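Work through the exercises below with the structure open. Try each task before reading its solution.

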Protein chains: 4
Amino acid sequence: MTDSVAGPPGPISDATVARRPGKRARLAAAASRVLHERGVERTTLADIARAADVPVGNVYYYFKTKDELVQAAIDAHAARLGEMIAALDRLRTPQERLKALIGGWVGQRDLAVRYGCPFGTLCSELDKRADGLDRTAAEVMRILIDWAERQFRSMGRADAGELAVQLMATYQGMSLLTNTFRDPEIMTVQGRRLADWIDSLG
Amino acid sequence: MTDSVAGPPGPISDATVARRPGKRARLAAAASRVLHERGVERTTLADIARAADVPVGNVYYYFKTKDELVQAAIDAHAARLGEMIAALDRLRTPQERLKALIGGWVGQRDLAVRYGCPFGTLCSELDKRADGLDRTAAEVMRILIDWAERQFRSMGRADAGELAVQLMATYQGMSLLTNTFRDPEIMTVQGRRLADWIDSLG
Amino acid sequence: MTDSVAGPPGPISDATVARRPGKRARLAAAASRVLHERGVERTTLADIARAADVPVGNVYYYFKTKDELVQAAIDAHAARLGEMIAALDRLRTPQERLKALIGGWVGQRDLAVRYGCPFGTLCSELDKRADGLDRTAAEVMRILIDWAERQFRSMGRADAGELAVQLMATYQGMSLLTNTFRDPEIMTVQGRRLADWIDSLG
Amino acid sequence: MTDSVAGPPGPISDATVARRPGKRARLAAAASRVLHERGVERTTLADIARAADVPVGNVYYYFKTKDELVQAAIDAHAARLGEMIAALDRLRTPQERLKALIGGWVGQRDLAVRYGCPFGTLCSELDKRADGLDRTAAEVMRILIDWAERQFRSMGRADAGELAVQLMATYQGMSLLTNTFRDPEIMTVQGRRLADWIDSLG
DNA sequence: CATGAATGAGGATTCATTCAT
DNA sequence: CATGAATGAATCCTCATTCAT
């Protein structure tokens, strides 16, 4: 999953990397950002190429279709998610970890105001497409829910699965409302309520 | 707001309605449905015309642009929302009303599985567009939040506003997850949790 | 030629005229004006119908095609031209008549600034069309040139025909430049030069 | 001004020109010709593409809108005008230069018969459009008037400006009448009269 | 006669994808 | 490997003209 955002296809030699450092990664990163900002359907390949400072015709050397670029963006999200989880796991208690997660969400409230949750909006749009990208996106979403479930479980909650879904649902919903009403306060207030809720679970 | 889904343009006489019963309304209804199913960007005017069984060229007699059709779909949502609220208001206590609202959401879980919340996905997509449709959609979303706030207030809650946002956010998020994971159980389970939460508020 | 702007088709009874006084004439007048302002190709039947305050569907009772409306506008020009010539003919000398003609042109300079010569722009556009309307327009243009030729002839000029063409050409050209540069002064200055030229011819 | 008819977009290298010799220029030339023949409004992009032997979809690689194609046609006129003026300036006296200009007009009388003055008809049509193309066209028209004014001034005429406008107006008008009456003789006769007039100015 | 409504043939424009060098 | 250029299928929208009542 992280492989596909690492380098060009084929045997990765130092020479290749030296010649074109991270052109593929740049495209994946640009795709991730632009797809969030403009939405999947409104984003053209030219948009992504421009954002990555890669000539349009060259994009197809790295990604054969637009779908593959979307897939790369999903993978980029997965990679970032992995890093985030690794960082959270360094904290002591599950409560701390969950509240740190929530804190991260609230910290990104300005992005939510403008474009909503980077991954939620993606899932929402991908559902309308015939390709199987929505399944891949679901898998990535599942990673975080499973992680949260583990936290709730280690807090001794028998309904850990339901709590994890509730946490993620509330986050997705508050991101959507924050975006709809262009109001960062929604993130702040609901984030605080979520943290209190975590504390109340014992 | 209901006007635009009622009849053809110009003065609406009985004769007119008798001659062409609800072609405009049919288009608005079709727009509402198809936009939900396929998403705003992927829906073509031909799609809507076909769904309403109206020749493509004729659509423009009723709606001058695609945007106006989207607006009509928003208005249709607003109208349905108005009816729903009127029905809910016939119930005795705010708790009953809120739980009836939640029950309605859960009852529509199969739709959520396939396409997500009809209005949330619309808001999410409209945000990416330059036109002002997202503002109109926000107003409609506001209506239900304000209604919920009134219920919480009449339950004596000082934090009624925050509770209303939380309720709506959770609904939006659980719809999104239901859609993403194609799992109606999410609606059932989270709906039950929401109802319990209402009861717990006293 | 004037007949076609007078009344509805079929036997013209007083009753008919009384019922719908000048609806056809109103359409012809509106066509004449709007075609000048917007140009033939950019003018829609709806534009003309609106300007004449006649329902769109009703236009076809009076004019079966857009071409017929253009023809009616040409006829309206011819009618006005006839009246103008009749008025000019009441003046004493050919010099007076020609200079009155020029004075009339200069008096309409604000219209020329905005839209050019009503008839010249029409001739110019009609030439690009496959229909025979350009021939009709040419006939109308010929009327005024012939009239001018008669004036020059009665001034004793053997080259009356050439002078008439020169007069009309200069008028058409100064109208075009006035319109292109949006400068009414061009009409005033060149009008004065034309008048001086008339005087210089003896 | 000549730039836009020179080559494809982006930095113009010899290699580029070698690879695709003048496709953009071909489109501009085709636009210039077809717009004159059919008029701006009646010319479709497909017409121009066909005349340039370029696939329709490819036109947009060179010109983002139809307006840009019109602009390119204007620029092509400006370029030709520049060449013509350069050639005229090689003649000895202003009288010779002006009469050579008139001679050129008369030499193109067959084109005038069929379609009118290439630039005058353009100015006439562009005036009806909301875009700013009419202003650009006016600038090009101004170039020739200013040049003529310089000739009249170097002939010692204090009213050089008025004379220049008169010259251009007469040309525009005689082109229009030539086109309207489909009579090349008008160009010949009025051209001779213009030449005589130049001589009479001393 | 009157008129709101219907119809379908274009026309401009966009864009994912492919190709030639 | 790189890249400007090419391609054609869609899509939104307009409008003259016709129709039903």
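The exercises cover helix packing and contacts with DNA in this predicted model.

**Exercise 1. Describe how helix 5 of chain C packs against helix 8 of chain C.**

Solution.
- Step 1: Locate the helices. Helix 5 of chain C covers residues 66-89, and helix 8 of chain C covers residues 118-126.
- Step 2: Choose the descriptors. Two packed helices are described by the angle between their axes and the distance between the axes.
- Step 3: Read them off. The angle is about 145°, and the axes lie 11 Å apart.
- Step 4: Give the handedness. Helix 5 of chain C crosses helix 8 of chain C in a left-handed manner.
- Step 5: List the partners. Helix 5 of chain C brings Val70(C), Ile74(C) and His77(C). Helix 8 of chain C answers with Pro118(C), Phe119(C), Leu122(C) and Leu126(C).
- Step 6: Sort by class. This contact has six nonpolar residues, one polar residue and no charged residues.

**Exercise 2. Describe the packing of helix 6 of chain A with helix 9 of chain A.**

Solution.
- Step 1: Locate the helices. Helix 6 of chain A spans residues 94-107, and helix 9 of chain A spans residues 133-154.
- Step 2: Give the geometry. Their angle is about 145°, with 8 Å between the axes.
- Step 3: Find the contacts. From helix 6 of chain A, the residues include Leu98(A), Leu101(A) and Trp105(A). From helix 9 of chain A, they include Leu144(A), Trp147(A) and Phe152(A).
- Step 4: Sort by class. The contact has eight nonpolar, two polar and one charged residues.

**Exercise 3. Which residues come nearest to DNA strand F, and which atoms of the strand lie within 4 Å of the protein?**

Solution.
- Step 1: Find the neighbours. There are 31 residues around DNA strand F. Tyr61(A), Lys23(D), Pro55(D), Tyr61(D) and Tyr62(D) come nearest.
- Step 2: Sort the surface by class. It has twelve nonpolar, twelve polar and seven charged residues.
- Step 3: Turn to the strand. Of its atoms within 4 Å of the protein, 79% belong to sugar or phosphate, and the rest to bases.
- Step 4: Inspect the phosphate oxygens. Polar side-chain atoms reach them at 3.2 Å from Tyr62(A) and at 2.5 Å from Tyr62(D). Lys66(C) uses a polar backbone atom, at 2.8 Å.
- Step 5: Name the elements. Helix 4 (56-62) of chain A and helix 4 (56-62) of chain D each give two or more residues to this surface.

**Exercise 4. Characterise the "DNA-binding region" that UniProt lists in chain A.**

Solution.
- Step 1: Take the range from the record. The unreviewed UniProt entry lists residues 44-63 of chain A.
- Step 2: Check the secondary structure. The span is 75% helix and 0% strand.
- Step 3: Compare the ends. The end C-alpha atoms lie 14 Å apart.

How values were computed: Residues numbered from 1 in each chain as written. Chains lettered and ligands numbered in written order. Predicted model: local features only at pLDDT ≥ 70, side-chain atom pairs only at ≥ 80, totals over all residues. Heavy atoms only, no water. Axes fitted to C-alpha atoms, helices over the stretch in contact; angles between N-to-C directions. Helix = DSSP H or I, 4+ residues; strand = E, 2+ residues; numbered from the N terminus. Left-handed = near helix turned anticlockwise from the far one by under 90°. Contact = heavy atoms within 4.5 Å. Nonpolar A, V, L, I, M, F, W, Y, C, P; charged D, E, K, R; others polar. UniProt positions renumbered as here; feature names shortened; annotations may be inferred. Near = heavy atom within 4 Å. Polar contact = N/O pair within 3.5 Å; in protein donor to acceptor, adjacent residues only side chain to side chain.
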